[in-house]
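Here's a quick tour of how a few pieces of this fold sit against one another. Keep the viewer open and click along as you read.

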Amino acid sequence: MKRYILHSLLGIICIILGGCEKDALNTNPLDKLSSAEFWKSKQDFDMALTAIYGELQNQMFSVGAPNWDVLTDNGYGQHNYWGSQAIVQGDISPSTGGYILDMYTNSYKGIARINIFLEQLNNFEGDGIDTETKLKYEGEALFMRGFYYFQLYSSYGSVPIVTEVLKLDNQIQPKSTASEVLARSLADLDVAIANLPDELFADNGGHAAQSSAQALKLRVLMFAAYGDTGVPDTGILTQARDLALEIMATGYDLSPNFEDVFKDGSQEGNLEIIYSIKFLAPDNATPMDQWYGDWIVVSPLQNLVDAFDPLDPRLEMTIFQDEVNFNGNIHNPSNGLPTGYGVKKFLSPGLMPYGYSTQSQQDWVLLRYADVLLMYAEAQNELVGPDQSVYDAIHEIRDRVSMADLPAELSKEEMRAAIRLERRIEMAFEGLRYYDLKRWRIADEVLNNVTDGVLDYTFDERFYQWPIPQSEIDKSQGILEQNQDY
């Protein structure tokens with residue numbers, strides 16, 4: 001439900017979850033609750049869980065996700081959000097800032113709040129929360145902690161694992177190995193899968209469902225399967241393939257219209273959406289339309305436009321040229337278009353003219369069924385080759401937009417290329433391309449050969465794992481070690 005996450009609740013309990021500045025020592029502000037007054041009822045835990053969900057509204061994880069594609073061959077970021085231009089050009093160091101710093105700090109901020117919630121839940125002795133509800137709360141919190149540890153694993157590899165509330169005597173933590181961080185993410189998601197209700201996300205009131213945790217675990221497995229070499233581990237891919245089959249049997253389906261997945265008004269009850277981050281205007285509005293339809297925060301590159309078949313309707317639904325045009329309703333961006341193109345995929349037709357007053361409330365879709373089909377096809381093709389089930393999964397996606405079926409009798413290598421191209425087109429600007437290039441271990445090959453970028457691209461081998469931010473190294477009193485080659 002749209003109203004599950006409300007911005008006003010964040011202010012009520014930010015002090016409980018560690019997100020507000022402290023007022024005078026030993027003073028309880030009259031407009032805030034202290035921890036001694038909180039955690040007394042089911043309502044308190046519901047409010048705290050709402051705030052934890054609200055952390056995913058961080059722009060880097062939600063409405064800013066299209067900007068991740070400016071780190072790839074898909075686009076260019078003229079406004080340099082999160083320091084993207086330095087990263088594209090290979091200026092990556094412990095002091096780079098932007099994504100390099102914010103992914104680390106925002107992930108641990110989310111983890112800290114979750115750990116407080118879990119500790120209080122474990123210590124709660126009242127009779128207002130039964131065992132079933134406790135397990136569900138735990139599952140929802142661990143779904144999100146699994147997400148954050150995956151972000152850390154895929155970005156840095158080796159980082160500290162924190163599963164308890166940090167105090168003065170344990171606030172400085174050493175790094176764990178990358179494999180241990182991966183195991184932590186998967187373990188959290190396994191508990192979430194066991195605890196969350198077995199129903200579709202559309203029927204679960206905006207809360208993560210069992211299938212949400214399954215789909216996130218599938219993404220984690222697909223990233224981990226390629227290791228440090230790009231050669232897939234058949235054991236991990238088998239787990240991923242089998243998990244994809246479980247999700248495919250739960251009742252999800254592709255939305256009849258591709259664009260409906262990304263538009264407010266057609267997202268509620270949409271059977272393609274497996275998990276989305278909720279927004280609701282006016283208190284919880286986003287700058288989605290302003291950023292992409294007016295400011296042109298992300299500019300698609302010509303090579304991506306050329307990657308689409310000219311007959312593919314997803315091109316017109318994903319990218320606009322020169323002006324935003326929805327059936328004759330036109331908006332002319334106030335900022336220039338460095339490549340001549342802008343991102344249309346997430347724009348709301350009824351909110352023109354886009355600008356400072358535009359209040360966008362479409363949800364950010366984090367997990368969807370088309371992605372599951374693509375991951376199934378990829379895993380199955382790597383394991384056994386292009387059997388009929390691989391063709392069926394890809395054709396289901398292509399049939400939705402009336403695209404011709406793939407040629408018969410493709411080789412495994414040809415099908416691999418076809419799946420990767422289909423993934424690039426179907427998932428464009430959903431923030432996954434950078435992770436895909438990294439997990440396939442082809443980021444250096446692809447990015448160092450971009451010829452139509454506004455910037456000169458540089459990707460070194462060491463960039464497959466980012467450095468730990470220098471500010472975190474400095475605060476650790478020599479405990480936190482920097483990643484290799486930085």
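What follows covers some helix packing, a pair of strands and a few loop residues.

One thing before anything else: this is a predicted model.

## Helices

Let's start with α5 and its neighbours. Helix α5 covers residues 131-156 and helix α6 covers residues 178-195; the two pack with their axes 7 Å apart, at an angle of about 155 degrees. Since angles over 145 degrees count as roughly antiparallel, α5 and α6 are therefore roughly antiparallel to each other. Their crossing is left-handed. On the α5 side, the residues that meet α6 include Leu135, Leu142, Phe143, Tyr149, Phe150 and Tyr153. Among their partners on α6 are Ala178, Val181, Leu182, Leu189, Val191 and Ala192. Charged side chains take part too, including Lys136, Glu138 and Arg145 from α5, plus Arg184 and Asp188 from α6. By class, the contact of α5 with α6 splits into 12 nonpolar, 4 polar and 5 charged residues.

α5 also packs on α7, where the axes are 10 Å apart and the angle is about 15 degrees. That makes α5 roughly parallel to α7. This crossing is left-handed. From α5, the residues involved are Phe143, Phe147, Phe150, Tyr153 and Ser154. Facing them in α7 are Ser212, Ala213, Leu216, Arg219, Val220, Phe223 and Ala224. The class count for the contact of α5 with α7 is 9 nonpolar, 2 polar and 1 charged. If you want residues to highlight, Phe143, Phe150 and Tyr153 of α5 meet α6, and Phe143, Phe150 and Tyr153 also meet α7.

What about α7 and α8: how do they cross? The axes of helix α7 (residues 210-224) and helix α8 (residues 234-248) come within 9 Å, and they cross at roughly 155 degrees. So α7 is roughly antiparallel to α8. The crossing of these two is left-handed. α7 brings Gln214, Ala215, Lys217, Leu218, Leu221, Met222 and Ala224 to the contact. α8 answers with Ile236, Leu237, Gln239, Ala240, Leu243, Ala244, Glu246 and Ile247. Sorted by class, the contact of α7 with α8 holds 11 nonpolar, 2 polar and 2 charged residues. Ala224 is worth a click, being part of the contact of α7 with α8 and also of the contact of α5 with α7.

## Strands

Now for β2 and β8. Strand β2 (residues 273-277) runs antiparallel to β8, and 4 bridges join the two. Within the pair, Ile273 of β2 stands opposite Arg368, while Tyr275 stands opposite Leu367. Is β8 buried or exposed? 5 of the 5 residues of β8 (residues 364-368) are buried, so this strand is largely enclosed by the rest of the structure. β2 gets a matching description: 5 of its 5 residues are buried, so β2 is largely enclosed by the rest of the structure.

## Loop residues

Three loop residues round out the picture. Here are C-alpha to C-alpha distances for each of them with a partner far along the chain.

| Pair | Separation in sequence | C-alpha distance |
|---|---|---|
| Ser93 and Arg462 | 369 residues | 11 Å |
| Pro66 and Arg398 | 332 residues | 22 Å |
| Leu200 and Ala393 | 193 residues | 20 Å |

Pro66 lies in the loop between α2 (42-55) and β1 (75-76). Its relative accessibility is 0%, so Pro66 counts as buried. Residues up to four places away in sequence aside, Pro66 touches Tyr292, Val298, Phe346, Trp364 and Phe429. Trp364 ties this loop to the strands above, as β8 takes in residues 364-368.

Ser93 sits in the loop between α3 (84-88) and α4 (99-123). With a relative accessible area of 25%, Ser93 is partly exposed. Leaving out neighbours within four places in sequence, its contacts are Ile100 and Pro467.

Finally, Leu200 is in the loop between α6 and α7. Which side of the burial cut-off does Leu200 fall on? At 13% relative accessibility, Leu200 counts as buried, because the cut-off for that is under 20%. Beyond its neighbours within four places in sequence, Leu200 is in contact with Ala209, Thr250, Gly251, Tyr252 and Leu271.

Terms used:
Residues are numbered from 1 along each chain as its sequence is written. This is a predicted model: local features need pLDDT of at least 70, side-chain atom pairs count only at pLDDT 80 or more; totals for chains, interfaces and linings use all residues. Side-chain values use heavy atoms; hydrogens and water are left out. Buried means under 20% relative accessible area, exposed over 50%, partly exposed in between (1.4 Å probe, protein chains only). Two strands pair if DSSP finds at least two bridges between them. Axes are lines fitted to C-alpha atoms, for helices over the stretch in contact, and angles run from 0 to 180 degrees between N-to-C directions. Angles under 35 degrees count as roughly parallel, over 145 as roughly antiparallel, 65 to 115 as roughly perpendicular and the rest as oblique. A crossing is left-handed if the near helix is turned anticlockwise from the far one by less than a right angle, and right-handed if clockwise. Contact means heavy atoms within 4.5 Å. Ala, Val, Leu, Ile, Met, Phe, Trp, Tyr, Cys and Pro count as nonpolar, Asp, Glu, Lys and Arg as charged, and the others, Gly among them, as polar.
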